[in-house]
Amino acid sequence: MLTSQVKFNLLTREQVMGALKSTGSKDPDVLLAAKEEFASNYRPLKWFGIWGMVCGVLMTMLIILAPLGIPLFFLGVWWFKRAKKNSLLIEQTFSEYCSTCHGENLISSGQIPDLRKLKATDRAKFETTVTNGKNQMPPWKGALNDAQIDSIWSYIRANAHEK
Ligand code: HEC
């Protein structure tokens with residue numbers, strides 16, 4: 001069995017010769033076995049080399065990417081906060097303009113249509129109803145701009161029974 005050690009030194013020809021001579025044999029099989037055993041001590045160094053190069057590249061990339069990573073983190077925080085503000089504004093707009101009749105969180109209490117029943121294909125009907133009103137429902141033309149109407153529609157779609 002070969003018992004290998006890790007050797008870091010740079011070999012000389014004499015050392016290799018010495019290792020072969022130390023067998024005191026001229027039998028090719030013995031010499032071959034001695035050569036193999038001797039060589040096995042010097043092979044692990046190759047893996048140390050690969051490991052060093054890979055780790056070196058990774059560690060260097062950390063430094064190189066840090067200038068990107070730090071602003072990206074703050075950009076992420078900024079996007080996240082913006083998303084929260086937007087969804088809050090949509091909820092507020094709906095509460096302010098629609099929920100008195102259509103119910104808190106879109107949950108209608110009875111007579112008035114439950115907006116969660118609107119289907120994805122009802123977009124045109126939604127816009128017409130909101131802009132021009134319908135019977136008991138007041139028109140919102142002028143009171144709500146396109147972006148507000150758009151965000152209410154997204155809010156309704158997000159909570160719709162049938163997505
Ligand atoms: C004053 C009460 C009232 C308010 C406020 C109100 N609605 Fe209505 N809405 C109604 C009534 C009543 C109807 C049913 C009209 C009908 O079909 O006769 C209706 C119908 C609708 C419909 C048609 C639903 C369907 O299935 O036909 C949509 C869409 C709608 N409302 C959206 C909104 C949105 C969005 C808001 C907020 C911007 C809003 N409404 C605010 C009373 C209201």
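How are H3 and H6 oriented to each other? They're roughly perpendicular, because an angle of about 100° falls in the 65 to 115 degree range that counts that way. Keep in mind that this is a predicted model. Here's a quick tour, starting with that helix pair.

**Where H3 meets H6**
- Helix H3 covers residues 44-97 and helix H6 covers residues 146-159, and their axes sit 9 Å apart where they pack.
- On the H3 side, the contact uses Ile-90, Thr-93 and Phe-94.
- H6 brings Gln-148, Ser-151, Ile-152 and Tyr-155 to the contact.
- Sort the residues of this contact by type and you get four nonpolar, three polar and no charged.

**Around the ligand**
- The ligand has 20 residues surrounding it, and the closest are Cys-98, Cys-101, Asn-135, Gln-136 and Met-137.
- Two elements give two or more residues to this shell: helix H4 (99-102) and helix H5 (123-132).
- As for the chemistry of the shell, 14 of its residues are nonpolar, five are polar and one is charged.

**Domains**
- The chain is assigned two stretches, with domain 1 at 13-42 and domain 2 at 46-159.
- Going by C-alpha atoms, the centres of domain 1 and domain 2 are 73 Å apart.

**How confident is the prediction?**
- The average pLDDT for the chain is 91, and 98% of the residues score at least 70.
- Of the chain's elements, H5 has the highest mean pLDDT, at 94, while H4 has the lowest, at 90.
- As a rule of thumb, predicted coordinates shouldn't be read in detail where pLDDT is low.

Conventions: Residues are numbered from 1 along each chain as its sequence is written. This is a predicted model: local features need pLDDT of at least 70, side-chain atom pairs count only at pLDDT 80 or more; totals for chains, interfaces and linings use all residues. A residue is near a molecule or strand if its C-beta atom, placed from the backbone, lies within 6 Å of it. Helices (H or I, at least four residues) and strands (E, at least two) are DSSP runs, numbered from the N terminus. Ala, Val, Leu, Ile, Met, Phe, Trp, Tyr, Cys and Pro count as nonpolar, Asp, Glu, Lys and Arg as charged, and the others, Gly among them, as polar. Axes are lines fitted to C-alpha atoms, for helices over the stretch in contact, and angles run from 0 to 180 degrees between N-to-C directions. Two residues are in contact if their C-beta atoms, placed from the backbone, lie within 7 Å. Domain bounds come from an automatic or database domain assignment. pLDDT is the predictor's confidence in each residue, from 0 to 100.
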